[in-house]
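User: Please take a close look at one part of this protein, the negative patch on its surface. Set it against the chain as a whole, and add a residue from elsewhere for contrast.

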Amino acid sequence: MIQIRNNTELRIVDVKKLLDDELTDLMLKEAEAVGERIYKPKVRYHFLHMTSNPLIDEQGQAVQRLNVGREWNVVKDALSRSEKALHVATMHATTINFREAITEGCKVLHYAGHGQKSNLVFEDSTGVARLLKVKALRDLFAVGNSCRTVDLVFVAACHSEVSGNAFVRAGVKHVIAVQVDETLEDHAAVTFTKQFYLAVTNDHTIKEAFDIAKVVVKETSKMGRKESEKFLLLPKDEKHDVKIFSSVTKGDLVDHTLLLPPHNLPSLSPQFVGRNQEMQSTIKFIRDARTRIVTITGKLGIGKAETATAVCRYMLQRNHFSDGMVMLDMANPTSDGTIFSQIAQVVGLNAEVKTSTKDNKKLLKSLEKMNILVIFTRIDEVM
């Protein structure tokens, strides 16, 4: 068993902590008070891809991990083939990210994640699933007349019909969802998504693109027509004869996705599976402003370093430590000066190996101002 403990006697420096669920009500109240004046009909993104991939649910049970990176690569490839100057981005589906993206404006909002019959599954800053009920979803989206900039919402999640109708009631004229009692075959979901965006960015109407994607799924999926009929275009009485990207000029796709912080993390082993609860506990301790040191202990070969790598890569994808993450193997003999220099080089300070105490103090002072996570592996072998 892997054990994780934290030291609450010391405090961590410059750790950003965002509790999405606690801020939702405050954001709604502030938005309602300001109203029309804030939400001007501008568009920052032509296409915004939001993904949710929590580690555990609210009861502490492990949540099945999704390959959301593969879907983004497929979607981005389809968008880039249009040769239009589309402004796009992908980000993780937290309450704050969702509302800020709508505030800034987007024409197409695509959600990829877990769906339930009456909720969409978002995630918080520590990897816990946050259920956004349909009323909260509608209220959060509709406030400030936000639907003025959004032409299409694609809810790529199982059982998403109820959530899709929530967007319709909030004022979105075109919504793609999945029948409330149905789950989707992965191949069918990816195929439909690619074919739909390939068609709609090449100036087909939403209805034409929807029909094209359904036919391709029907002819290529193992389940054929049954799988293709799970997709819904809402509201059902709307013609959906709109070309949403016809006014976008020719050019290169512009990706506004935040770059990953600098790091030297190793790749995660393909054999690494599970450990969701241990990962979430570790992230919770690291994100706690009272914690300076988190220790992962266990028998030799049980997977401590691999778990630490998985934790760091999960946080890296969410930009939790904006100035970088540095992993140091303490089983390799090194001096304090070399440690400081390794950290500095990874995070971009380009420091050479320092030998004097004075130089190390200068370097340490620079590092103290940065938001960095340092991971020491195999430290038990030198203690």
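Analyst: The protein chain exposes about 19,200 Å² in this predicted model, and carbon and sulfur atoms supply 50% of that area. Of the 383 residues of the chain, 47% count as buried. The chain has twelve helices and 13 strands. Among contacts between residues at least 6 apart in sequence, 76% join residues at least 24 apart.

Now the patch itself. Four residues, E208, D237, E238 and D241, form a negative patch on the surface. Asp and Glu count as negative, which is why these residues carry that label. One of them, E238, can be placed in the chain: E238 sits in the loop that runs between strand β9 (231-234) and strand β10 (254-255). E238 has a relative accessibility of 36%, so E238 counts as partly exposed. The reasoning needs two cut-offs: buried means under 20% relative accessible area and exposed means over 50%, so a value in between is called partly exposed. Membership of a patch has its own cut-off, because patches are made of residues with over 30% relative accessible area and no salt bridge. At 36%, E238 is over that limit.

For contrast, consider T191. T191 belongs to helix α6, which covers residues 186-200. Its relative accessibility is 13%, and therefore T191 counts as buried. Apart from neighbours within four places in sequence, T191 is in contact with V216, V217 and T220.

To put the two side by side: E238 is in a loop and partly exposed, whereas T191 is in a helix and buried.

Note on methods:
Residues are numbered from 1 along each chain as its sequence is written. This is a predicted model: local features need pLDDT of at least 70, side-chain atom pairs count only at pLDDT 80 or more; totals for chains, interfaces and linings use all residues. Side-chain values use heavy atoms; hydrogens and water are left out. Patches are made of residues with over 30% relative accessible area and no salt bridge: like charges are joined within 9 Å, nonpolar side chains (Val, Leu, Ile, Met, Phe, Trp, Tyr) within 5 Å. Accessible areas come from the Shrake-Rupley method with a 1.4 Å probe; for residues, only the protein chains shown count as cover. A salt bridge is a side-chain nitrogen of Lys or Arg within 4 Å of a carboxyl oxygen of Asp or Glu. The place of a charge is taken as NZ of Lys, CZ of Arg, CG of Asp or CD of Glu. Helices (H or I, at least four residues) and strands (E, at least two) are DSSP runs, numbered from the N terminus. Buried means under 20% relative accessible area, exposed over 50%, partly exposed in between (1.4 Å probe, protein chains only). Contact means heavy atoms within 4.5 Å.
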